[in-house]
Amino acid sequence: MAYWTHYHSPQTIEETLDVLTRYEGRARMIGGGTDLILDMQQGHHPPVEALVELARIDGLKDITEEDGFLIIGGAVPHTQLVQDARVARYGTCLVESCGVIGGPQVRNVGTLAGNVAHALPAGDGTIGLLALGGDVEIADADGLRWVPMAEMFLGPGRSAIDSTKAFISRLRFPKTGEHEGSAFRRVMRPQGVALPMISMAGRIRLTGETVESVRISIGPAGPTPFLAEKTMAFLAGKKSSDAVFAEAASVASKEASLRTSKHRASSEYRHEMIRVQLPKVLAKAAERARTGKAAPEGVGL
Ligand SMILES: Cc1cc2nc3c(=O)[nH]c(=O)nc-3n(C[C@H](O)[C@H](O)[C@H](O)COP(=O)(O)OP(=O)(O)OC[C@H]3O[C@@H](n4cnc5c(N)ncnc54)[C@H](O)[C@@H]3O)c2cc1C
């Protein structure tokens, strides 16, 4: 069975939009195809008339710095991102989250844009980027515009982007600066499923030993990638200490909406894992903020 008939590799953003317009909803954007092709093969996504990729467009396979942001092209695969020293330094939790996606073959072709566009509540790269305060650049008939990532998600697997009409051209996040650090951890079954039992990421800015600002994301903890806003409010202005981070984890465990999933984990286990793992994430982010040293950990081989 053919899952698609035509494959397009346009060379500009305008040409890409023209191709999508021409197919009137019968073409779909593709990154590495590590979600989409499997979904088609398994009958979760209908065949399409055409697939459209971004890989030939100048600049969309690049990682660049501009106005305090790191900008990641929509066609950048996880491996490239994980190996970039600037992402490791200024967005450590993103390297740690993209670095555990699948195995090397998946990371060599799978993209951060595809991870975000798929809109799964536990997409690893998505959770890392959300904690960093990421934005997504949308290309559609109205042109290009940046939107905060949190506006991208409508429900599990339901993105605000219609990938038959529009696409993610770039993604960005404000670089962690002095006295800032980030970290990511996840709890995963050793094999058999592609998504974690629970994952979490944090970004912290310290003033002395006080938490000046913090962002925390958890997945899956609701129908969309979850920003733990009550926990963030609880932590702001508090002392950076193990005792406070343990209290914050209890707040997070209460505000997160955690389901029992037959293949992954019970709700109780997920609650417990937030209490165990989140203090470690926050402590690591704080240590990085304090020392200015950030060597990503746990990246897969
Ligand atoms: C064996 C295996 C293990 C995996 N393990 C993990 C894991 O540990 N953690 C995890 O989070 N994921 C995992 N995944 C899922 C997948 O690899 C990632 O979500 C990956 O980042 C998807 O990127 P992609 O470029 O391959 O997306 P694609 O499959 O190409 O696309 C996914 C969706 O996004 C749309 N899309 C793609 N690019 C764009 C764009 N630029 N603009 C608009 N829409 C777009 C597509 O139309 C499609 O709907 C795994 C997959 C496999 C096969």
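Mentor: Two residues are in contact if their C-beta atoms, placed from the backbone, lie within 7 Å. Please keep in mind that this is a predicted model.

Trainee: How many residues of domain 1 are in contact with domain 2?

Mentor: By that cut-off, 23 residues of domain 1 are in contact with 25 residues of domain 2. Helix α8 supplies seven residues to the side of domain 1 that touches domain 2, the largest share. This side comprises twelve nonpolar, nine polar and two charged residues.

Trainee: Where do the two domains run in the sequence, and what distance separates their centres?

Mentor: Domain 1 covers 6-52 + 59-174, and domain 2 covers 180-289. Their centres, taken over C-alpha atoms, are 24 Å apart.

Trainee: Which residues have the most contacts inside the largest nonpolar core?

Mentor: They are V116 and I218, in a core of 84 residues. Helix α11 (residues 267-291) contributes eight residues to this core, the most of any element.

Trainee: Why is this core said to lie between domain 1 and domain 2?

Mentor: Both domains give residues to the core, so it lies between them.

Trainee: What does V116 touch, leaving aside residues up to four places away in sequence?

Mentor: Its contacts include G123, L129, M149 and I168.

Trainee: Why is E24 called exposed?

Mentor: A residue is exposed if 12 or fewer other C-beta atoms lie within 10 Å of its own. E24 has 10 such neighbours, so it counts as exposed. E24 is placed in the loop between α1 (13-23) and β2.

Trainee: Why, then, is H179 called partly exposed?

Mentor: The class of partly exposed residues lies between the limit of 12 or fewer for exposed and that of 20 or more for buried. H179 has 16 other C-beta atoms within 10 Å, and is therefore partly exposed. H179 is in the loop between β10 and β11 (180-187).

Trainee: What makes the backbone of E24 notable?

Mentor: Most residues other than glycine have a negative phi. The phi of E24, however, is near 50°, a positive value. H179 also has a positive phi, near 65°.

Trainee: How do you know that the peptide bond from G219 to P220 is cis?

Mentor: Its omega is near -5°, and the bond is assigned as cis. Most peptide bonds are trans. P220 lies in the loop between β13 (210-219) and β14 (226-227).

Trainee: Which residues come nearest to the ligand?

Mentor: They are G31, G32, G102, G114 and N115, out of 32 residues around the ligand. Helix α7 gives the largest share of this shell, five residues.

Terms used
Residues numbered from 1 in each chain as written. Predicted model: local features only at pLDDT ≥ 70, side-chain atom pairs only at ≥ 80, totals over all residues. Near = placed C-beta within 6 Å. Helix = DSSP H or I, 4+ residues; strand = E, 2+ residues; numbered from the N terminus. Domains from an automatic or database assignment. Nonpolar A, V, L, I, M, F, W, Y, C, P; charged D, E, K, R; others polar. Core = buried A, V, L, I, M, F, W, Y, C linked by C-beta atoms within 7 Å.
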